[in-house]
Amino acid sequence: MSFKKFLKSVITSLELGDYKVEGKKKAIKDLLKKLNRRKQNLKKSLEKASEKKQQKELKEELEILSFEIKKGKKILYKLYAKNKKKDK
Amino acid sequence: MLRRILLPTILVLLGYGFWVSPDFKEIAAGVSIFLFGMLTLEEGFKVFSGGTLEKILQKSTDKLYKSISFGFVATAIMQSSSLVSVLTISFIGAGLIGLTQGIGIILGANIGTTTGAWLMAGFGLKVKISAYAMPMLAFGVILIFQKAKSLKGVGFILAGLGFLFLGIHYMKDGFEAFKATVDLASFAVDGFKGLLIFIGVGILATVVMQSSHATIVLILAALSVGQITYENALALTIGANIGTTITAVIGSLSSNIDGKRLAGAHFVFNVVTALVAIAIMDQIMYVVEVISESIGIANDNHTLKLAVFDSLFKVMGVVLFIPFINKLVTFLTKTIKPTKTRLDGEYDNVRYLNDSVLELPSTSLAAIILETRHLYDNSFEIITHGLNIKRSNIISSMPLDEVVKDLYSEHAVDIDEFYNKRIKGIYGEIIDFSTKSQSQMSPEDIEVLYKLKLANRDMVEAVKDTKQLQKNLLKYSNCTNHHIKEQYDKIRKDLAGLLRDINIIATTNEDDVILLLLSKAKVHTEKYDILANGTLDNLIRKGLVTNEMATSLMNDSAYAYDISKNLIDMAEITFSTVNEEMLMDSDDVKSILDKKDIA
């Protein structure tokens, strides 16, 4: 076994590989959780809101949140796909 | 003056020494090789200080006992209290740790230096140490020539240790040969007079060699061949401990106020400990005898006894000082005051950029980040005042409609004067410091640095645009044409809202809040651009504003748009903790505005 192969197997067994990607995945997952929670709260607030101006503001915020959640999911999907490719 | 005389005197004395004694030449060469080894060792550890060491330092200094332990372990491993001191000053200078934590590290480092005496007395003098030095030097030098940073670092450490061992070997050999021609022990002085004389010699030797570690190794080498008496060696050790603080004080001159205070703490600690040791010398020597006997050190093994004394003396000092650390911090804060204080109307200076933080790329970067935030504070102030808004209202929860009504001043604030006094100098220093610090940074750090420079430029641009915007703000805020007044108030309100959001971004740790506010700001900037959304066309078409008003509004809304863009870009770089890919780009904003791509 060459030194490079040995090193690779050590990294794989200790799950040290792609720690940057793993960190990124975790950060985005956590952020998505928070954004989803915020979205639910916002939906409730929107149901209760009576003023038009307030409704408009909340709707706009909800649109941005939905967009961010979708974007986060896309990035996460790409990261998982990258990992799968590597495993193969 | 003293420094000018010192160097020629040392050179003349050395020259004379080399001329009269070849053995002295060997001892001096040993000291030089030892000191070179320490420099090489420091170089090696600095290679590894690009992240790991800083993270450990920040995490392991939140409590005093942790700071002391960190100082001890780091010094024991690196065998250099001066490197630990430099790192600590650098971290304090960059605002990453406080003075109390810094003092804790210095106390720990003081105990850590005793491991050097133990290694030398227990190992260095017992075996033929040069046999270990040669392979270390050979392996070390080969590794130094490698391209990989970590291998280079290991190379420097190995070579450093090799030089240390080689230096010890030459010192030991030199003293042994020296004994045959001159018996230094005949110059021994007994009693209190001897104690004071040899403390003085210890101070002088350490100031000259800039290392107490080297002095103690030299003392042990001389003691092992009986060239100095045990009692005089103890006094020399105390002297070395005082001498090292003078090195630290000189080193702190280029540091910021906290670095100077830390050097002050080091000085007070070592001098007081030395005074206490002198006062109870007989009792300490008795305890050394008891400890030595209990751990099986032979009665005539003076080198190991000296190591016991060194440890006891330093641990005693630390124990003595622990209860007074907070008082020491208060004392130093009161006595060592910043030379330049900010007064209203006076020039503002940089707070975090100084030569001490240049020691490490991470501290340089941290200092630039903090200085950028400082520049942001000043920019925030001038932009709000330029918009004729009170800063306190922006950071409050007051409705924005009321914020724009509550004017800051009846007259226009002189933005030029403020810019020259509180922005220009700091901005210039940041750019200059960035260029200086860049040379030792990794490509990743340079990328971050580049972004920070952009953030600073954005801020300065935002201030300059505010100056342009200000001209018509006052004019049309009091205008009888309510249409134009309304538009200018809207510009002020939008910018006030943005400044409020940026203030939240700057002060929160919640990444979802940061992301949402940044995204909202980007969408709003595009959505409420009156050039793009047709508001201006509408006003002109309906004849609600004059041509002159329309031109002013068109120009000023462009300024407001630029201010918003610059402030958002700056906030994204300076305050955002969100993953970069998650941040909205211009295409994303367009999608939102076009109501596309939304779940």
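**Close-up views of a two-chain predicted model**

**View 1. Helices H13(B) and H15(B) cross in chain B of this predicted model.** Helix H13 (residues 257-279) of chain B and helix H15 (residues 302-321) of chain B have axes that come within 10 Å and cross at roughly 115 degrees. Since angles of 65 to 115 degrees count as roughly perpendicular, that puts H13(B) roughly perpendicular to H15(B). The handedness of this crossing is right-handed. On the H13(B) side, the contact is made by Phe269(B), Thr273(B), Val276(B) and Ala277(B). H15(B) answers with Phe313(B), Gly317(B), Leu320(B) and Phe321(B). Sorted by class, that gives 6 nonpolar and 2 polar residues, with no charged residues in the contact.

**View 2. H21(B) meets H22(B).** Here we look at helix H21 (residues 443-477) and helix H22 (residues 482-507), both of chain B, whose axes come within 9 Å. They cross at roughly 130 degrees, which makes H21(B) oblique to H22(B). H21(B) passes H22(B) in a left-handed crossing. From H21(B), pick out Leu473(B), Tyr476(B) and Ser477(B). Their partners in H22(B) are Ile484(B), Lys485(B), Tyr488(B), Asp489(B) and Arg492(B). The class count for this contact of H21(B) with H22(B) is 4 nonpolar, 1 polar and 3 charged residues.

**View 3. H23(B) runs against H25(B).** The axis of H23(B) and that of helix H25 (residues 547-574) of chain B come within 10 Å and cross at roughly 160 degrees. Because angles over 145 degrees count as roughly antiparallel, H23(B) is roughly antiparallel to H25(B). This crossing is left-handed. H23(B) brings Leu518(B), Ala521(B), Lys522(B) and Thr525(B) to the contact. From H25(B) come Tyr561(B), Ser564(B), Lys565(B), Ile568(B), Ala571(B) and Glu572(B). In terms of class, we have 5 nonpolar, 2 polar and 3 charged residues where H23(B) touches H25(B).

**View 4. Chain B touches chain A.** Now for the contact between the chains, which takes 16 residues from chain B and 19 residues from chain A. On the chain B side, helix H23 (511-527) and helix H26 (586-593) each supply at least two residues. H23(B), the helix from View 3, gives the most to this side, with 7 residues. By class, the side of chain B that touches chain A has 7 nonpolar, 3 polar and 6 charged residues.

**View 5. Chain A is built from helices, with 3 of them and 0 strands.** Follow chain A along its sequence and the pattern reads α-α-α. Of its 88 residues, 11% count as buried. Take the contacts in chain A with a separation of 6 or more: residues 24 or more positions apart account for 62% of them.

**View 6. Asn388(B) sits in a loop with a positive phi.** This residue lies between helix H17 (361-386) and helix H18 (391-394) of chain B. Its phi is near 60 degrees, a positive value in a residue other than glycine. Asn388(B) has 20 other C-beta atoms within 10 Å, so the residue counts as buried; the cut-off for that label is 20 or more.

**View 7. Ser60(B) occupies the loop between H3 and H4 of chain B.** Look for Ser60(B) between helix H3 (52-59) and helix H4 (64-78). With 17 C-beta neighbours inside 10 Å, Ser60(B) counts as partly exposed. Setting aside neighbours within four places in sequence, Ser60(B) is in contact with Lys66(B) and Phe70(B). For a sense of scale, take Glu526(B), 466 residues from Ser60(B) along the chain: the two C-alpha atoms are separated by 46 Å.

**View 8. Asp348(B) sits in the loop between H16 and H17 of chain B.** Helix H16 (325-335) comes before this loop and H17 after it. Asp348(B) is partly exposed, with 19 other C-beta atoms within 10 Å. Measuring scale C-alpha to C-alpha, Asp348(B) and Phe192(B) are 53 Å apart in space and 156 residues apart in sequence.

**View 9. Chain B is divided into two domains.** Domain 1 covers 23-328 and domain 2 covers 355-593. The C-alpha centres of these two domains of chain B lie 52 Å apart.

Definitions and conventions. Residues are numbered from 1 along each chain as its sequence is written. Chains are lettered from A and ligands numbered from 1 in the order in which they are written. This is a predicted model: local features need pLDDT of at least 70, side-chain atom pairs count only at pLDDT 80 or more; totals for chains, interfaces and linings use all residues. Helices (H or I, at least four residues) and strands (E, at least two) are DSSP runs, numbered from the N terminus. A residue is buried if 20 or more other C-beta atoms lie within 10 Å of its own, exposed if 12 or fewer, and partly exposed in between; C-beta atoms are placed from the backbone. Axes are lines fitted to C-alpha atoms, for helices over the stretch in contact, and angles run from 0 to 180 degrees between N-to-C directions. Angles under 35 degrees count as roughly parallel, over 145 as roughly antiparallel, 65 to 115 as roughly perpendicular and the rest as oblique. A crossing is left-handed if the near helix is turned anticlockwise from the far one by less than a right angle, and right-handed if clockwise. Two residues are in contact if their C-beta atoms, placed from the backbone, lie within 7 Å. Ala, Val, Leu, Ile, Met, Phe, Trp, Tyr, Cys and Pro count as nonpolar, Asp, Glu, Lys and Arg as charged, and the others, Gly among them, as polar. Domain bounds come from an automatic or database domain assignment.
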